[in-house]
Every structure is written in C-alpha cells, then in structure tokens.
Amino acid sequence: MTRNNPASRAISPADGPVAVTGSSGYIGSWIVQDLMEQGYEVRACVRDTSRPEKVDHLLALNDSGLRGHAELHAGDIFEPGSYDNAFADCSAVIHAGAAVGYNRETPQQVYDGCFTEVQHVLDSARKSDALKRFVFTSSFAAVGHPRPEGYVFTEKDWCGDNVDGYRGAWTEDNIPKNRDIAYAMAKARAEKMLYQTAADDGTFDAMSILPLHVIGPLMCVNHDQGWSWQNCIRYMLMGKPYKKSRGGRMLWNNVDVRDTARAHRLCAESTVAGNGSRYILSASDRSGELFTWELQARLAELFPEVAEVGGEEMQDGAPAQKTYDSPRSYCLLAKQELGLSSYPIDDTLRATVDSYFRLGLLPG
C-alpha cells in the first residue's frame, strides 16, 4: 500500500482526543496509560462502564499524576454506531478490542469479532472530521505460516502465504471449525480491508501493530485471562506444567505489554509510518526468545523463593524432546521506523510475576 504524506497525519496531544477500544483489556489498558503519560485526552472505550473490576484501574489513572486524562465511553464492536459519540473529534482511533477466544467464543465469533465487525468501528471512526490515524491491534497470527525451522518472519510475511503448507486446512470452510485459522484469517483480512479503505478515502492512514507473545505487568485481576501468555506464566510459578502446546514444548518469543502499548502511540505519532505500515512486536533480539525449559529456568533464577516452577516435560534435567524452532521474529522495524526502545527480558519477567504477587494471584 502507498504511503501518502505521512508527516501531515502524525498526531500530537494538540490535535485532540484519542479513542481506544478494548481499553479494559491487558494491552488496551497500557495503551491508555501510555497516552496519558504523554498528555493525551483519552476516550477509553469499554463494553460496560458499570463493571468496577474492568474500569476502576482506568479511572484510578486520573489520580496518578499523569499529564493526560481518561474518560470512559461505552461501545460494543457488535453494535453499529455504538462508537459514534466516543470517536467524535478524535484525531486517532486505536482499535485494540477483539474477541480472541479466551472467553469461550466460538471460532466464528472470533472471526467476526476480529474482522467482520471491525467495519462498525471503522465506520464510526470515519465520522470524525479530525481523524488522521487508525491504528489496529492485529497479531503475529496474521504473519506466521508454515516455514522451515529457524525461518525469521518479517512484516512482508502474511499468514495466507504458502497455503500448501497448511495441508488443506487453510479454507473458508474451516473458519467456523478452527479457532487458530479463524483468528489468523480475520486479522489479516481486517488489515487489508483497513489499508484499502484508507487508501480509497485519502484523508487518514491505517496501520497495524502485530504482537507475538505479550507478557508483562498486569494492572488488575481481570487481566489474568485464562490461557493468556501471562496466565500461563502464573501457573508455571505455581509448579504446574505449561499446557498450551504438546508436552509444554514451545519457543516463547516475548514482548513486553508496555512496549506493545507504546508502539501503538508511536505509530499514530510517526512521521515515517503511513497507510499500510505494519509492525511486528516480538523479541528485540534472541535474548527474548526462550524455549519453555529456558523460560522455566530463568523464572527459577529470578524467583528463588518459589518452591517449584513448572514448564515442559524434562528428563534428567534436560528437555524430554526437541522443540520445533519457530517462530523467530524481531521488532526491528518498530525500532527503526518508530524509534521504539524495549524492556530487557528479565525486567519483563520480573514485572509480570511481581504484579501477580501484588494482586494476590500468587501466594507469598
């Protein structure tokens, strides 16, 4: 996609409010805080403003000495027009809300929440005469596809590449049957739809942030979503095995939630990024890529007071089986074009676990 004079669409707090969908979520909440730290007026959009377990931590940010201010707005991705008021006069919309399957959504609901219903959010955003940037929280799922071990994925990759490698699974018929395919297809299609709409419109840029394994500090108990990466670390600290992959074997390609949040704001402010820009948020270098057994060992070193750290199947102190070496990917483009600086992996791991202790979700 072409980039049409991106410098003219770079935003600052002087351009007006910024709206964030999914503000009560793990990534969305940190986006709100990051924007407030820079002095933005934030329209924090949540499905239900009356649920204290989801909004109290956002309201508390207004009393924490940050330069900006957050205002709660109700909005539902499945309801056309529900974001109209929240997006009015906004210079940017950051669409971090999605259905990812952690709340027992069906694969079809995941697909609709990540693609079909994104049109509702875009329609509301385009009603703002001030709109310059639409930043979409996509996913590395929109990038990854079958490749040999050690292949390094970049922003030029798309999940629909190398269809033969999916052994016939990459089909429309499998969307309502397979959550992973539904999610990947939805994110990729949403990106392409947003870029094309913005190119045809010509008055705003659409761009995307594509996180991989997001971990880091939780703001509230509600951020401990079952089967999320941070939740898996909590269970490992309780001595339990990692269960999202067979035998616990996986290459964790980690990125800090705070870096992920900051990248969204830097995207909206960038004089380099333009329509169609997409940025993988993953490890900054190989130090952030850890096989489960390596992550397990690192957590044990950082938290020696924990009696047992679970993880993958081990035999005589070594992994029981070899782990497939993928996905390898780095946030190099975000560093180069957005000026992103990232947390060292040990700082991220400490902050993740410390927040679990602070919230009383781990004993001790």
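# Two sheets and the helices around them

User: Which helix is Thr292 found in?

Analyst: Thr292 is found in helix H9, and please keep in mind that this is a predicted model.

User: Is Thr292 buried or exposed?

Analyst: Thr292 is buried, because its relative accessible area is 0%, and the cut-off for buried is under 20%.

User: Which residues is it in contact with, if I leave aside neighbours within four places in sequence?

Analyst: With those neighbours left aside, Thr292 is in contact with Met236, Tyr242, Gly248, Arg249, Met250, Trp252, Gly311 and Glu312.

User: OK, now the helices. At what angle do H7 and H9 pack?

Analyst: Helix H7, which covers residues 229-237, packs against helix H9, residues 292-302, at an angle of about 60°, and their axes are 11 Å apart. That angle is why H7 counts as oblique to H9, and H7 passes H9 in a right-handed crossing.

User: Which residues of H7 and H9 meet there?

Analyst: From H7 there are Ile233, Met236 and Leu237, and they meet Thr292, Leu295, Gln296 and Leu299 of H9. The residues of this contact divide into five nonpolar and two polar, with no charged ones.

User: Switching to the sheets: what is the strand order in the one with three strands?

Analyst: That open sheet has the order S8-S9-S11, with mixed pairing. S8 and strand S11 (289-291) are its edge strands, each pairing on one side only, and the twist averages 45° from one strand to the next.

User: How do S9 and S11 pair?

Analyst: Strand S9, residues 251-256, pairs with S11 in the antiparallel sense over three bridges, and within that pairing Trp252 stands opposite Leu290 in S11. H9 packs on this sheet as well, where it touches S9 and S11, and its direction makes about 100° with that of S11.

User: And which strands does H7 lie across?

Analyst: H7 lies across S8 and S9, and it runs at about 65° to S8.

User: What about Val214, which strand is that in?

Analyst: Val214 is found in strand S8, which spans residues 213-215. Val214 counts as buried because its relative accessible area is 6%. Apart from neighbours within four places in sequence, Val214 is in contact with Tyr26, Ile27, Trp229, Gln230, Val255, Val257 and Thr260. One of these contacts, Val255, is 41 residues apart from Val214 along the chain, yet the C-alpha atoms of the two are separated by 5.0 Å.

User: Back to sheets, then. What is the order of the seven strands in the other one?

Analyst: The order of this open sheet is S3-S2-S1-S4-S5-S7-S10, with parallel pairing. Its edge strands are S3 (69-74) and S10 (278-281), each of which pairs on one side only, and neighbouring strands are turned by 20° against each other on average, direction ignored.

User: How many bridges do S1 and S2 pair over?

Analyst: Strand S1, residues 18-21, and strand S2, residues 41-46, pair in the parallel sense over three bridges, and Ala19 stands opposite Arg43 in S2.

User: Last one: which strands do H6 and H8 lie across?

Analyst: Helix H6, residues 179-201, lies across strand S5 (133-137), strand S7 (205-211) and S10, and it runs at about 160° to S7. Helix H8, residues 257-269, lies across strand S4 (92-95), S5, S7 and S10, running at about 155° to S5.

Definitions and conventions: Residues numbered from 1 in each chain as written. Predicted model: local features only at pLDDT ≥ 70, side-chain atom pairs only at ≥ 80, totals over all residues. Heavy atoms only, no water. Axes fitted to C-alpha atoms, helices over the stretch in contact; angles between N-to-C directions. Helix = DSSP H or I, 4+ residues; strand = E, 2+ residues; numbered from the N terminus. Parallel < 35°, antiparallel > 145°, perpendicular 65-115°, else oblique. Left-handed = near helix turned anticlockwise from the far one by under 90°. Contact = heavy atoms within 4.5 Å. Nonpolar A, V, L, I, M, F, W, Y, C, P; charged D, E, K, R; others polar. Buried < 20%, exposed > 50% of the residue type's maximum accessible area, 1.4 Å probe, protein only. Pairing = 2+ DSSP bridges.
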